[in-house]
Amino acid sequence: MFELMLLRYLERHGQKLKFIQIGANDGRRFDPLHEFATSPNFTLSGLAVEPVPRFYRALKEVYRDQPGIKPINAAIHNDMAEATLYVVGEAFESRVPEWALGTASFNKDHVIKPEVPESYVEAIRVPCLSLSELMGQEGIRQIDLLQIDTEGYDGEIIRSIDFEQVRPAMIHFEHGMADGVMGRGEFDDLTALFNRHGYQVLPENYDAVAFLPHEIG
């Protein structure tokens with residue numbers, strides 16, 4: 001559903017979109033923006049933010065021919081300038097399902113799964129910026145889409161948004177309630193927050209999209 005809404009937005013807005021993607025991974029793996037960002041039919045510009053160095057290097061390679069898209073090697077955190085991030089170690093990549101390579105998190109418990117034993121998990125220190133600091137650093141005042149996939153920190157980022165100053169047409173985020181990534185209570189609180197600012201929220205199996213109805217049509 002998100003991809004259909006994104007396509008609808010592009011059709012209504014001259015095939016152009018400005019975005020910030022938090023948790024971009026390698027720019028390909030389970031990425032809902034990749035096909036749009038690399039298609040000659042659309043003009044996407046913005047920031048692709050990824051804290052894990054090896055995934056960031058792959059991300060830069062993916063977007064090397066897309067001058068409007070700037071990869072950023074950092075994590076988004078509301079309070080810290082540097083934090084510990086947990087990720088499947090590079091030496092164990094071939095031993096885990098591909099989805100496990102997209103589960104880097106500030107919370108170690110979000111990375112450990114039946115398919116990912118604790119011995120496979122590596123702790124790394126990464127630089128952090130808040131969303132507002134990132135936008136100020138890059139001279140960005142407004143965006144059309146905020147794409148978030150941070151394995152448990154999505155709600156914190158959403159609650160940091162000053163909707164009087166920044167009003168993306170769409171905010172696509174991971175709730176992961178089926179796996180306990182986000183509790184039902186937190187999801188309901190976020191829905192209420194969005195509703196207060198004029199957004200409607202459409203939940204899907206593992207993700208949700210908050211959107212301004214007049215922007216989608």
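A residue is called buried when its relative accessible area is under 20%, and exposed when that area is over 50%. The legends below use these words for a predicted model.

**Figure 1. Helix α3 and what covers its buried residues**. Helix α3 is made of residues 53–62, and Arg 54, Phe 55, Tyr 56, Leu 59 and Val 62 are buried in it. Which elements cover these buried residues? The cover includes helix α2 (34–38) along with the strands β2 (43–49), β3 (69–72), β5 (82–88) and β6 (121–129).

**Figure 2. The whole chain of the predicted model**. The chain folds into seven helices and 10 strands. Its radius of gyration is 17 Å, close to the 17 Å that the globule rule gives for 217 residues, so the chain is as compact as a globular protein of that length. The C-alpha trace spans about 50 × 40 × 30 Å along its principal axes. Of the 217 residues, 50% count as buried. Taking contacts between residues at least 6 apart in sequence, 70% of them join residues at least 24 apart. The accessible surface amounts to about 10,300 Å², and carbon and sulfur atoms account for 47% of it. There are 20 positive and 34 negative side chains, and 5 Å separates the centres of the two sets.

**Figure 3. Helix α1 and its buried residues**. Helix α1 covers residues 2–12. Its buried residues are Phe 2, Met 5, Leu 6, Tyr 9 and Leu 10. Seen down the axis of α1, these buried residues fall within an arc of 140°, so they line one face of the helix.

**Figure 4. Gly 14 and Gln 15, after helix α1**. Gly 14 comes just after α1 and has a positive phi of about 65°. Gln 15 lies in the loop that runs from α1 to β1 (16–22). What is the sign of phi at Gln 15? Phi is positive there, at about 65°, although Gln 15 is not a glycine. Most residues other than glycine have a negative phi. The relative accessible area of Gln 15 is 30%, so this residue counts as partly exposed.

**Figure 5. Glu 151 in the loop before helix α5**. The loop that holds Glu 151 lies between β7 (145–148) and α5. Glu 151 is not a glycine, yet its phi is positive, near 55°. Is Glu 151 buried or exposed? Its relative accessible area is 8%, so Glu 151 is buried.

**Figure 6. Val 166 and the residues it touches**. Val 166 sits in the loop between α5 (154–159) and β8 (170–174). With a relative accessibility of 14%, Val 166 counts as buried, because the cut-off for buried is under 20%. Leaving out residues up to four places away in sequence, Val 166 touches Met 135, Arg 141, Gln 142, Ile 143 and Ile 161. Ala 210 is 44 residues from Val 166 along the chain, and the C-alpha atoms of the two are 14 Å apart.

**Figure 7. Glu 35 in helix α2**. Helix α2 contains Glu 35. Is Glu 35 buried or exposed? Glu 35 has a relative accessible area of 58% and is therefore exposed. Between the C-alpha atoms of Glu 35 and Ser 130 the separation is 27 Å, and the two residues are 95 residues apart along the chain.

Technical notes: Residues are numbered from 1 along each chain as its sequence is written. This is a predicted model: local features need pLDDT of at least 70, side-chain atom pairs count only at pLDDT 80 or more; totals for chains, interfaces and linings use all residues. Side-chain values use heavy atoms; hydrogens and water are left out. Buried means under 20% relative accessible area, exposed over 50%, partly exposed in between (1.4 Å probe, protein chains only). Helices (H or I, at least four residues) and strands (E, at least two) are DSSP runs, numbered from the N terminus. The arc is that of the directions from the helix axis to the C-beta atoms. The radius of gyration is taken over C-alpha atoms; the globule rule is 2.2 Å times the number of residues to the power 0.38. Contact means heavy atoms within 4.5 Å. Accessible areas come from the Shrake-Rupley method with a 1.4 Å probe; for residues, only the protein chains shown count as cover. Lys and Arg count as positive and Asp and Glu as negative; His and the chain ends are not counted. The place of a charge is taken as NZ of Lys, CZ of Arg, CG of Asp or CD of Glu.
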